[in-house]
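User: I'm new to this and keep tripping over the vocabulary. Can you take me through the labels one by one and show me how each is earned?

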Amino acid sequence: MGPGAAGRHRTGARMSETVFTYAAPGLKFGRGASHEIGWDVQQLCGGTATGAATGGTRRVLLVTDPGVAATGHPDRIAQQVRAHGLEVVVHTSARVEPTDASLEAAVALARDAGPFDAVVAVGGGSSIDTAKAVDLMLTNPGTLLDYVNAPVGGGRAPEHPLLPLVAVPTTSGTGAESTTICVLDVLALKVKTGISHARLRPTLAVVDPDLAMTQPAMVTASAGMDILCHALESWTARWYADFDAKQPQQRVPYCGANPIADMWAEKSMTLLAGAFRRAVRDGGDVEAREQMALAATFAGLGFGNAGVHVPHACAYPIAGRVRDYRPEGYPADEPIVPHGMAVVMTAPAAFALTHDASPERHRRAAELLGGTGGSLPEVLRGLMRDVGLPSGLAELGYGDADVDDLVAGAMQQQRLLATAPVDVTPDDLALVFRESLEHW
């Protein structure tokens, strides 16, 4: 066996993959976990309050957004870090659904206030993704667009390690605290895309279900659908051994469905079946909130390694091309389609498309979600209706005339579509979008 041949076998003239990878951040989970962050950050900074990049007191950047800042959680966490002898600078520079412009502004603000020894993100996926981008650009050369996934950006890999990043989610959904992805809208192109590299994975995820207790119902519903689609898409993704073999330097975080990711996805769906409707109906249901936080963590540990596919690829242009839609519970200053909502809008039709690649997996997913004999698309539509989501893309302002443009945006997400269990064509996506205009 020659160099680089390990982990491969030949099928005919094709070398098939036999290796999958798995990685995850350190995890601290449970009610009250956020009260220990001061100690955690101090340990990541070397266990002392001195010896920073400046030669003096170690300095920490805390990134959040104005809405989360108003809850008081970021200030409390900052005070706890300061109590361990570290200097903390709080920036409310994150924007809900980050754009290239908002990320560049956050980076500029951080550079002016630096240097720093660690970064703490407190908030939903938008705050955590903003912190990832800031951390990347504080430690590596070039422009933000250099690192955005091709073909939208340059697809450049970070040259240097990032600062330790502690991610503290205040919503249960995005899984950003576990993943290597930073999602953003590129305004000039009206497309949502991302930056993906193993170095963007947070060093430590601190998941405290108490921080999500104040989420509005629509935020809970949208974020919960993100959890659901993370689990479903990783569960139904192309099996890792169905990819062509890779050399070590070619491996990427999304390696396809695999036994470890399957375990997390299955457990996440089981938790969602019991907790999702309850958490939306009663935000003060402590048990439901805790189970949703655990489901989000499990789904993140799964899809962060297996990957996501068609619903997420379709979600990017849905969110990026929004016109007038303003959902309840979100900032009303500009139109927005929340990420989880954008993802699930096409999920029923997307899983109808992928069904024949693995009928048994689709049936099993429907069962895990509490379906009683119904197909996975039917189970999803019922759940969407029960938690109060829009009835389809038409309610978000899209029509048949928008389909070609949406397809073009989704086809740019080849990194995601490559993980689908079927080869996806523009005609396939057009059918998915048209069947998603009205679900009921």
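User: Where does Asp-402 lie?

Analyst: Asp-402 is in the loop between helix H14 (376-386) and helix H15 (403-411). Keep in mind that this is a predicted model.

User: Why is Asp-402 called buried?

Analyst: Buried means under 20% relative accessible area. Asp-402 has a relative accessible area of 15%, so Asp-402 is buried by that cut-off.

User: What makes the pairing of Asp-402 with Gly-399 a polar contact?

Analyst: The pair has to be N or O atoms within 3.5 Å, one able to donate a hydrogen and the other to accept it. A polar atom of the Asp-402 side chain lies 2.8 Å from the backbone nitrogen of Gly-399. That value is within the limit, so the pair fits the distance part of the rule. Asp-402 also touches Arg-323 and Gly-397, leaving aside residues up to four places away in sequence.

User: What about His-439: buried or exposed?

Analyst: Buried, because its relative accessible area is 10% and the cut-off is under 20%. His-439 sits in the segment after helix H17 (426-435).

User: Which residues does His-439 touch?

Analyst: Not counting residues up to four places away in sequence, His-439 touches Met-345, Pro-348, Arg-381, Met-384, Ser-391 and Gly-392. With Met-345 there's a polar pair too: the backbone oxygen of Met-345 is 2.6 Å from a polar atom of the His-439 side chain.

User: Why is Leu-44 called partly exposed?

Analyst: Partly exposed covers what falls between buried, under 20%, and exposed, over 50%. Leu-44 has a relative accessible area of 31%, so the middle label applies. Leu-44 lies in helix H1 (residues 37-44) and touches Pro-164, Val-166 and Thr-203, again not counting residues up to four places away in sequence.

User: How do you know that Leu-44 and Tyr-240 are not in contact?

Analyst: Contact means heavy atoms within 4.5 Å. The C-alpha atoms of Leu-44 and Tyr-240 are separated by 34 Å, and the two residues are 196 apart along the chain. Tyr-240 isn't listed among the residues Leu-44 touches, either.

User: What stands out about Glu-97?

Analyst: Glu-97 has a positive phi of about 60° although it is not a glycine. Glu-97 lies in the loop between strand E5 (87-91) and H4. At 12% relative accessibility, Glu-97 falls under 20%, so Glu-97 counts as buried.

User: Which peptide bonds are cis, with omega near 5°?

Analyst: Among them are the bond from Gly-114 to Pro-115 and the bond from Ala-150 to Pro-151. Pro-115 is in the loop between helix H4 (100-113) and strand E6 (118-123). Pro-151 is in the loop between helix H6 (144-147) and strand E7 (165-169).

User: What makes a set of residues a nonpolar core?

Analyst: The members are buried residues of nonpolar types, joined through side-chain atoms within 4.5 Å. The largest one here has 78 residues, and those with the most contacts inside it include Met-225, Leu-232, Ile-318 and Phe-433. Its largest share, ten residues, comes from helix H7 (residues 217-236). A second, separate core has 32 residues, including Ala-94, Ala-133, Tyr-147 and Leu-163. In soluble globular proteins, nonpolar side chains tend to be buried together.

User: Which residues does Ile-318 touch?

Analyst: Ile-318 touches, among others, Val-337, Leu-393, Leu-396, Leu-406 and Phe-433, not counting residues up to four places away in sequence.

User: Why is one space called a cavity and another a pocket?

Analyst: Because in a cavity the probe fits but cannot get out, while a pocket is open. There are five cavities of 30 Å³ or more, and the largest holds about 80 Å³. Its lining includes Glu-17, Tyr-240, Arg-251 and Cys-255, and divides into five nonpolar, one polar and three charged residues.

User: What is the volume of the largest pocket, and what lines this pocket?

Analyst: The largest pocket has about 860 Å³ of space. It is lined by 48 residues, with Val-96, Gly-124, Gly-125, Ser-126 and Thr-171 closest to its centre. H7 gives the most to that lining, with five residues. By type, the lining splits into 21 nonpolar, 20 polar and seven charged.

Methods:
Residues numbered from 1 in each chain as written. Predicted model: local features only at pLDDT ≥ 70, side-chain atom pairs only at ≥ 80, totals over all residues. Heavy atoms only, no water. Buried < 20%, exposed > 50% of the residue type's maximum accessible area, 1.4 Å probe, protein only. Helix = DSSP H or I, 4+ residues; strand = E, 2+ residues; numbered from the N terminus. 1 Å grid on protein atoms, 1.4 Å probe; cavity = no way out; pocket = protein on both sides within 12 Å on 5 of 7 lines; lining within 4 Å. Points joined across faces, edges and corners; volume = space filled by probe spheres on them. Nonpolar A, V, L, I, M, F, W, Y, C, P; charged D, E, K, R; others polar.
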